[in-house]
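The report below describes a protein chain in terms of its helices, its buried residues and its charged pairs. The sequence and the structure come first.

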Amino acid sequence: MEGMSEREYSAHSGLSRGAIQKARKAGRLVVYSDGSINAAASDVRWADMTDPDQQRRSTGGDASFSGPADSSSYLKARTALTVYQAQERQLAIQKKKGVLVDRARAETLVFRLARQERDVWVTWPSRVAALMAAEVAAEVERQSGGPVMIEAAILQRVLETHVRAQLDALADLRVSLGQ
């Protein structure tokens, strides 16, 4: 025997024995006079006479496109797209449920709250200085027994100095929303 049997050529080409028998009947194989298959010449003739899409289908590949494209890169890209779309949907659901908030909006709200708090503290000494001066003067008079006068303006300046020092210390705090 000069060449290969149908079984040997089937193992060599990666095709089923039935596909080899059909190819032999269709004249796509080169056969020696003893009926054995000339593998090298048959491979060339097979490649010339077979549609690439048909070849891919017979070996179990994806026949949705033809040409030298790599089907594994297409599958990887398709998988990446599917994963991205699933993540995007999950984020949209979390946002609707209120679990996820817009970062820019959160930063704006935190800044606005801090500004309001600072403004309240800046105006606090002017609102309470006179009341505090009267309460301190009353307490000192009760303990000393003599009349005492505490200037509200002086107490206000002292309070403003201490409040501003505290606000300056708090100004170094930074809110980090994860980045």
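The following paragraphs go from the overall make-up of the chain to its core, its salt bridges and its surface.

**Overall make-up**

The model is a predicted one, and the protein in it has seven helices and zero strands. Read along the sequence, the order of elements is therefore α-α-α-α-α-α-α, with helices counted from the N terminus. Of the 179 residues in the protein, 15% are buried. The protein exposes about 13600 Å², and carbon and sulfur atoms supply 56% of that area. Among the contacts with a separation of 6 or more, 41% are between residues 24 or more positions apart.

**Helix α1 and its cover**

Helix α1 covers residues 6-13, and in this helix Glu-6, Tyr-9 and Ser-10 are buried. Seen down the axis of α1, these buried residues fall within an arc of 105°, so they line one face of the helix. Arg-7 and Ala-11, on the other side of α1, are exposed. The cover over the buried residues of α1 includes α2 and α3. Just after α1, Gly-14 takes a positive phi of about 80°.

**The largest nonpolar core**

Which residues make up the largest nonpolar core? This core has eight residues in all, namely Tyr-9, Leu-15, Ile-20, Ala-23, Leu-29, Ile-37, Ala-39 and Trp-46. Helices α2 (17-26) and α3 (39-49) each supply at least two residues of this core. In soluble globular proteins, nonpolar side chains tend to be buried together. Tyr-9 belongs both to this core and to the buried residues of α1. Ala-23, another member of the core, is in contact with Arg-28, Leu-29 and Trp-46 when its neighbours within four places in sequence are left aside.

**The loop between α2 and α3**

Val-31 is found in the loop between α2 and α3, and this residue counts as partly exposed because its relative accessible area is 36%. Leaving aside its neighbours within four places in sequence, Val-31 is in contact with Arg-24 and Ser-36. Val-31 and Ser-42 are 11 residues apart in sequence, while their C-alpha atoms are 8.0 Å apart in space.

**Salt bridges**

The protein has five salt bridges, and three of the pairs are set out here with the distance from N to O.

| Residue pair | Distance, N to O |
|---|---|
| Glu-6 and Arg-17 | 3.5 Å |
| Arg-118 and Asp-119 | 3.0 Å |
| Glu-139 and Arg-142 | 2.5 Å |

The salt bridge between Glu-6 and Arg-17, whose closest N and O atoms are 3.5 Å apart, links distant parts of the chain, with Glu-6 in helix α1, Arg-17 in helix α2, and their positions 11 residues apart in sequence. Is Glu-6 buried or exposed? Glu-6 has a relative accessible area of 16%, and it is buried because the limit for that class is under 20%. Arg-17, by contrast, is partly exposed, with a relative accessible area of 36%. The two residues also belong to a network of salt bridges, in which Glu-6, Arg-17 and Arg-24 are linked. Arg-24 is also one of the residues in contact with Val-31.

In the pair of Arg-118 and Asp-119, both side chains are at an intermediate level of cover, since Arg-118 is partly exposed at 35% relative accessibility and Asp-119 is partly exposed at 36%.

Glu-139 and Arg-142 both lie in helix α6, three residues apart, which is about one turn of the helix. Glu-139 is partly exposed, with a relative accessible area of 34%, whereas Arg-142 is exposed, with a relative accessible area of 60%.

**A nonpolar patch on the surface**

Where on the surface do nonpolar side chains form a patch? Leu-91, Val-99 and Leu-100 form such a patch, and together they have about 260 Å² of accessible area. Leu-100 is found in the loop between α5 (71-97) and α6 (103-144). At 33% relative accessibility, Leu-100 counts as partly exposed, so this residue passes the cut-off of over 30% relative accessible area that is set for members of a patch.

Definitions and conventions. Residues numbered from 1 in each chain as written. Predicted model: local features only at pLDDT ≥ 70, side-chain atom pairs only at ≥ 80, totals over all residues. Heavy atoms only, no water. Helix = DSSP H or I, 4+ residues; strand = E, 2+ residues; numbered from the N terminus. Buried < 20%, exposed > 50% of the residue type's maximum accessible area, 1.4 Å probe, protein only. Contact = heavy atoms within 4.5 Å. Areas by Shrake-Rupley, 256 points an atom, 1.4 Å probe, with all protein chains shown as cover. Patch = residues over 30% accessible without salt bridge, like charges linked within 9 Å, V, L, I, M, F, W, Y side chains within 5 Å. Salt bridge = Lys/Arg side-chain N within 4 Å of Asp/Glu carboxyl O. Core = buried A, V, L, I, M, F, W, Y, C linked by side-chain atoms within 4.5 Å. Arc of directions from axis to C-beta.
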